[in-house]
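Biologist: Can we go through this model together? Please keep it brisk.

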Amino acid sequence: MKCRKPIILIAAAVLVVVPLALFLRKPAPLDLSKDEEPFRSMVLPPKLVQAGYYMDGGTVSIRVTDQRGAIRSVTFPFDHDGVITSYKSAFEGDIDNCRNKPPLKDPARAKAIMVRLLKDYGDKHDEYYEFTLRKFSEPPSEVGEKIYREARKIFK
């Protein structure tokens, strides 16, 4: 009986400490050297990261001013077709000039980079900060829909 108490305490400590340490650890620094433009030429850490929202139904953009003062914007047009993932494409530039450019090759990576830059360096008091992060995260109903579709594929 005496032997079980220390084992239980150690197990409980491990179950608390390990997840807490994983949650609190800092993520690795971004390596943009292998990414496409406009990311490859960004000099980190940025001086300023700002989120923007357009009143067309949900298009968002993130503007980064890097260490050299170069301003790079990436715009994520809202997908109006009702499919689960709302942001399937990304363009370099603001909404006014991005439609003339070809879309970025990896919009999911572009989204991940811009979300990370916004979380790490964005102004948390900016009116569009939380809004943009919420727009990029999928609501629970969409996650449930994805699970349902995958389950249907498995059990067909």
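Modeller: What follows is a short exchange on strand pairing and one loop residue. The model is predicted: local features need pLDDT of at least 70, side-chain atom pairs count only at pLDDT 80 or more, and totals for chains, interfaces and linings use all residues. Residues are numbered from 1 along each chain as its sequence is written, and side-chain values use heavy atoms, leaving out hydrogens and water.

Biologist: How many residues of strand S2 are buried?
Modeller: Strands are DSSP runs (E, at least two residues), numbered from the N terminus. Buried means under 20% relative accessible area, with a 1.4 Å probe and protein chains only. S2 spans residues 60-65 and is mostly covered: the count is 5 of 6.

Biologist: Which residue in S2 stands opposite Val49?
Modeller: Strands pair if DSSP finds at least two bridges between them. S1 (residues 48-53) and S2 run antiparallel, with 6 bridges. Opposite Val49 in S2 stands Val64.

Biologist: Which residue takes a positive phi in the hairpin of S2 and S3?
Modeller: S3 covers residues 71-76 and runs antiparallel to S2, joined by 6 bridges. The hairpin has 5 residues between the strands. The phi is near 95 degrees, and the residue is Gly69.

Biologist: Which backbone nitrogen lies 3.1 Å from a polar atom of the Asp66 side chain?
Modeller: Asp66 lies in the loop between S2 and S3. Asp66 is buried, with a relative accessible area of 1%. The backbone nitrogen of Val43 lies 3.2 Å from a polar atom of the Asp66 side chain. At 3.1 Å, the nitrogen belongs to Arg68.

Definitions and conventions
Buried < 20%, exposed > 50% of the residue type's maximum accessible area, 1.4 Å probe, protein only. Helix = DSSP H or I, 4+ residues; strand = E, 2+ residues; numbered from the N terminus. Polar contact = N/O pair within 3.5 Å; in protein donor to acceptor, adjacent residues only side chain to side chain.
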